[in-house]
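Dear colleague,

I am passing on the structure below, and my notes on its packing follow it. Please read them with the coordinates open.

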Amino acid sequence: MMAQEQERGPDQGADLLSLYQEIILDHGKSPRNAGAVEHHTCKSDGKNPMCGDKVCVTAAVDDSGAITDIRFDGKGCAISIASASMMTEAVKGLTAEDAAKVFAGVRTLCTEEVEPDQVRAELGPELGGRIDRLVALSGVRQFPVRVKCATLPWHTLMACLEGRDSATSERSSAAQKSA
Amino acid sequence: MTVTALAADAKAPRPFDIDSVRADFPILSREIHGKPLVYLDSAASAQKPQAVIDVLRYQYEHEYANVHRGAYWLSETLTGKYEAARETVRAFLNARSDREIVFTKGATEAINLVAATFGQSLGEGDEIVITGLEHHSNIVPWQLLRDQTGAVLKVVPVAPDGDVPLHDIEAAITDKTKLVAVAHVSNVLGTILPVKDIAKAAHAVGAKVLLDGCQAVVHQTVDVQDLDCDFYAFSAHKLYGPNGIGVLYGKEDLLDAMPPYQGGGDMISTVTFERSEWAELPAKFEAGTPPIVPAVGLGAAIDYLTSFDSEARMAHEHAVLRHGMQRLGDIDGLTLVGTCANKTSAISFVLEGAHPHDLATILDRSGICVRAGHHCAQPLMDAYGLTATVRASVGMYTTSQEFDVLAAALEKAKELLL
């Protein structure tokens with residue numbers, strides 16, 4: 001694997017620029033929906049044991065099952081904060097089930113060599129548009145150790161919506177991929 | 001060249017010439033992402049010189065069998081080398097006897113061994129004193145022991161500059177103290193603790209002293225008799241040796257009095273279904289087939305390290321450290337974590353607005369390996385109000401120029417991130 005990486009040659013700047021795209025840096029520096037939902041119906045703490053990063057997700061879910069409000073609080077790298085920030089924007093108004101589908105799409109983007117349009121198509125017309133900004137996270141593909149940074153907020157959201165009070169970057173739902 | 005010839009050469013004094021040292025470490029000539037490797041993570045694990053790699057390969061190719069068992073030439077030969085490695089370690093630490101040198105799978109196991117055996121002598125209310133800068137491997141075993149025995153774990157806080165003042169440690173040691181377990185050198189901050197004085201203070205109340213020497217053996221001259229410590233633990237892989245092996249030094253009378261750690265082959269003299277009798281030291285603590293070839297590799301690593309003029313080697317490492325502190329300290333927005341004078345080998349820092357993991361990823365693309373994270377010292381991070389730092393650490397092969405490369409790459413990372 002090292003040999004392959006070496007063979008990728010002197011173009012090492014390009015994948016860094018794809019990882020740290022403008023939108024990632026923007027959300028990383030100025031996260032949206034930071035803080036806690038005052039009247040939340042669920043709350044979960046997530047942590048990445050490898051680096052000690054933490055994220056706390058609070059959400060309010062109404063009687064119809066829709067996420068009416070969601071916020072996050074945490075310390076982390078640009079990737080995890082940007083992912084959390086964009087996540088809160090992407091899942092507001094969705095049910096837990098649909099949020100899980102969006103997460104599945106995000107995880108595919110982060111771990112597999114797929115075209116964003118394919119992921120959009122799989123999510124269908126209603127959810128497909130939710131991943132527009134999240135496509136920027138796909139830069140982590142070239143950085144396997146950083147995939148967990150991108151997925152930690154999502155694991156924490158899933159735990160939150162499922163009523164678990166904690167999550168780690170090591171734990172995912174049934175489909176445990178490299179993320 | 002045969003291994004015997006290599007060993008003979010190793011005894012000849014060798015001047016510390018950085019270019020020839022670097023040439024001894026094959027990995028240092030490779031590139032990462034098209035850039036020359038700048039390896040600044042020796043505190044996590046050090047690279048291996050050709051002399052160590054050759055020995056490992058030679059053993060597996062030419063002289064491999066189990067030890068302490070076979071009445072045949074191969075086994076006898078390797079047993080001889082395994083025990084010779086123990087003698088090499090004894091001399092390296094200046095222990096009185098090779099009976100005091102126990103091979104473990106690493107420093108973590110060495111500390112756990114003491115917790116599981118010596119620890120059985122502790123009871124409710126007995127105190128274990130550690131410091132705020134300990135590695136998890138010198139915290140968690142004592143928490144487990146505390147929970148089993150009702151002992152009390154006392155933590156001496158770290159000062160803002162990374163020092164742990166001796167008088168604070170002395171003040172924490174009381175008549176109830178049974179063990180003082182501290183790092184000789186901090187893996188995060190590089191702080192050198194005054195372990196000889198700590199041992200004096202501990203012994204004054206009858207307590208024993210365990211030193212986590214993982215970082216210290218690499219950068220200091222360690223004499224366990226002079227330090228008068230009761231236990232000393234280190235790992236080979238940070239000392240330019242193979243991984244999978246470490247050392248517990250223990251004073252012979254203590255090791256003799258301690259119960260065995262694990263049961264199995266090699267650690268017994270006789271076994272019946274009714275009862276068993278333990279083997280003599282150090283075999284009593286080496287149940288099962290030990291890491292045979294790694295032990296021989298550790299011996300080769302110590303031979304390699306000690307083949308150099310140690311004053312010159314340490315002076316080089318210190319000069320590189322000072323240069324690194326200077327270069328990094330000059331970067332706008334960068335804060336050094338751990339700046340006290342009694343410091344060696346490791347530089348931790350944070351850069352305002354840039355998370356350590358983002359920095360490590362970006363630096364990696366410039367061929368630079370640094371550690372980012374909590375360094376297995378979360379309580380220390382908490383004390384500084386941090387979740388993570390970047391750590392650049394110095395090995396014998398590290399150059400000042402590599403810190404120039406790091407400083408330049410950090411400036412470029414700022415352009416990308418900030």
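How many residues does the contact take from chain B and from chain A? The contact takes 17 residues from chain B and 20 residues from chain A, where two residues are in contact if their C-beta atoms, placed from the backbone, lie within 7 Å.

Before the details, a word on conventions. This is a predicted model, in which local features need pLDDT of at least 70 and side-chain atom pairs count only at pLDDT 80 or more, while totals for chains, interfaces and linings use all residues. Residues are numbered from 1 along each chain as its sequence is written, and chains are lettered from A and ligands numbered from 1 in the order in which they are written. Helices (H or I, at least four residues) and strands (E, at least two) are DSSP runs, numbered from the N terminus.

On the side of chain B that touches chain A, α14, α15 (378–383) and α16 (400–417) of chain B each supply at least two residues, and the largest share, four residues, comes from α14(B). That side of chain B divides into five nonpolar, nine polar and three charged residues; Ala, Val, Leu, Ile, Met, Phe, Trp, Tyr, Cys and Pro count as nonpolar, Asp, Glu, Lys and Arg as charged, and the others, Gly among them, as polar.

Helix α14 (residues 356–364) of chain B also belongs to the surroundings of a sheet. Four strands of chain B form this open sheet in the order β13-β14-β17-β16, with antiparallel pairing (two strands pair if DSSP finds at least two bridges between them). Its edge strands are β13 (334–337) and β16 (371–373) of chain B, each of which pairs on one side only, and neighbouring strands are turned by 30° against each other on average, direction ignored. Within the sheet, four bridges join β14 (residues 346–351) to the antiparallel β17 (residues 389–393) of chain B, and F349(B) stands opposite V390(B) in β17(B). Helix α13 (residues 310–329) of chain B packs on the sheet, touching β13, β14 and β17 of chain B, and its direction makes about 5° with that of β14(B); axes are lines fitted to C-alpha atoms, for helices over the stretch in contact, and angles run from 0 to 180 degrees between N-to-C directions. Helix α14 of chain B packs on the sheet as well, touching β14, β16 and β17 of chain B, with its direction at about 155° to that of β16(B).

Chain B has another open sheet, of seven strands in the order β4-β10-β9-β8-β7-β5-β6, with mixed pairing. β4 (101–104) and β6 (152–156) of chain B each have a single partner strand, so one side of each is left without a neighbour in the sheet. Three bridges join the parallel strands β8 (residues 208–212) and β9 (residues 231–235) of chain B, with L211(B) opposite Y232(B) in β9(B).

In chain A, eight bridges join β2 (residues 53–61) to the antiparallel β3 (residues 67–75). β2(A) and β3(A) form a hairpin with five residues between them, and G65(A) in the turn has a positive phi of about 90°.

Also in chain A, helices α5 (residues 96–111) and α7 (residues 147–161) pack at an angle of about 165°, with their axes 10 Å apart. The residues of this contact divide into 12 nonpolar, two polar and one charged.

With best regards
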